[in-house]
Amino acid sequence: MSEFIKVLGGILLALLLVNGALADQTVGTADKAALQATMQRHIDRSLVNGAFLHLDFDSGDVQKLHPVKAHPIILQMGEYFVLCSDFRDSAGKLVNIDFYLARRDQTYVVFRSAVNDRGRLERLMKQRKITRLE
């Protein structure tokens with residue numbers, strides 16, 4: 001009987017440790033709101049005459065992209081996050097921008113903006129390096 005109790009105690013301890021580790025990794029509603037707000041502030045601060053400017057290195061043209069709608073989905077990449085927003089180009093075509101964020105003290109900061117680069121993000125998702133927050 002004492003061997004059973006030791007095994008059961010070990011299992012319970014392991015569950016508590018795993019639960020504690022998972023609790024440390026959870027992202028609450030306040031964090032999700034802060035992430036969305038950080039992305040919105042970054043977009044607002046980056047606008048030039050109402051447009052988010054993007055240099056297309058292939059053509060050498062600067063695209064003027066106008067904000068349309070932020071996506072509600074938040075993706076997590078370890079300790080980093082990915083949020084997305086739709087923009088429209090001058091022809092009215094939808095353009096997706098992915099914003100990569102990191103925690104800085106008690107806030108967040110955008111450290112990368114990827115314009116129309118969904119393929120790389122999807123590859124990381126297929127590799128399970130990026131997952132969707134629930």
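Student: How much surface does the protein chain expose, and what share of it do carbon and sulfur atoms supply?

Tutor: This is a predicted model. In it, the protein chain exposes about 9300 Å², and 55% of that comes from carbon and sulfur atoms. As for the interior, buried residues make up 28% of the 134 residues.

Student: How many helices and strands does the protein chain have, and what pattern do they follow?

Tutor: There are 3 helices and 6 strands. Along the sequence, the pattern reads α-α-β-β-β-β-β-α-β. Contacts show how the chain folds back on itself. Of the contacts between residues at least 6 apart in sequence, 42% join residues at least 24 apart.

Student: Which residues have the most contacts inside the largest nonpolar core?

Tutor: The general idea comes before the case. In soluble globular proteins, nonpolar side chains tend to be buried together. Here, the largest nonpolar core has 18 residues, and Leu-35, Phe-81, Phe-99 and Leu-101 have the most contacts inside it. Two or more residues come from each of α2, β2 (61-77), β3 (80-88), β4 and β5 (107-115). Strand β4 gives the largest share, 4 residues.

Student: What does Phe-99 touch?

Tutor: Leaving out residues up to four places away in sequence, Phe-99 touches a list that includes Met-39, Ile-43, Phe-52, Phe-81, Val-82 and Val-110. Polar or charged names also appear on that list, among them His-42, Ser-85 and Arg-112.

Student: Which residues belong to the other core?

Tutor: Apart from the largest core lies another one, of 7 residues, among them Met-77, Val-82, Leu-121 and Ile-130.

Student: Where on the surface do nonpolar residues form a patch?

Tutor: Val-48, Leu-53, Leu-55, Phe-57 and Val-62 form a nonpolar patch, with about 490 Å² of accessible area together. Val-48 sits in the loop between α2 and β1 (52-56). With a relative accessible area of 40%, Val-48 is partly exposed.

Student: Now the charged residues. How many salt bridges are there?

Tutor: Side chains of opposite charge can pair when their charged atoms come close. The cut-off for a salt bridge is 4 Å between the nitrogen and the oxygen. The count is 4 salt bridges. One of them joins Asp-31 and Arg-103, whose closest N and O atoms are 3.6 Å apart.

Student: Which parts does the pair of Asp-31 and Arg-103 tie together?

Tutor: Asp-31 lies in helix α2 (residues 29-46) and Arg-103 in strand β4 (residues 94-104), so the salt bridge links parts that are 72 residues apart in sequence. Both partners are partly exposed: Asp-31 has a relative accessible area of 22%, and Arg-103 has 45%.

Student: Which residues are joined into one network by salt bridges that share partners?

Tutor: Asp-117 pairs with Arg-112 at 3.6 Å, N to O. Asp-117 also pairs with Arg-120, where the closest N and O atoms are 3.6 Å apart. The shared partner joins Arg-112, Asp-117 and Arg-120 into one network. Arg-112 is partly exposed, at 36% relative accessibility.

Student: Is Asp-86 buried or exposed, and what is the nearest side chain of opposite charge?

Tutor: Asp-86 lies in strand β3. Asp-86 is buried yet has no salt bridge. The nearest side chain of opposite charge is Lys-69, 5.9 Å away. Beyond its neighbours within four places in sequence, Asp-86 is in contact with residues including His-66, Pro-67, Lys-69, His-71, Leu-94 and Asn-96.

Terms used:
Residues numbered from 1 in each chain as written. Predicted model: local features only at pLDDT ≥ 70, side-chain atom pairs only at ≥ 80, totals over all residues. Heavy atoms only, no water. Buried < 20%, exposed > 50% of the residue type's maximum accessible area, 1.4 Å probe, protein only. Core = buried A, V, L, I, M, F, W, Y, C linked by side-chain atoms within 4.5 Å. Contact = heavy atoms within 4.5 Å. Areas by Shrake-Rupley, 256 points an atom, 1.4 Å probe, with all protein chains shown as cover. Patch = residues over 30% accessible without salt bridge, like charges linked within 9 Å, V, L, I, M, F, W, Y side chains within 5 Å. Lys, Arg positive; Asp, Glu negative; His and termini not counted.
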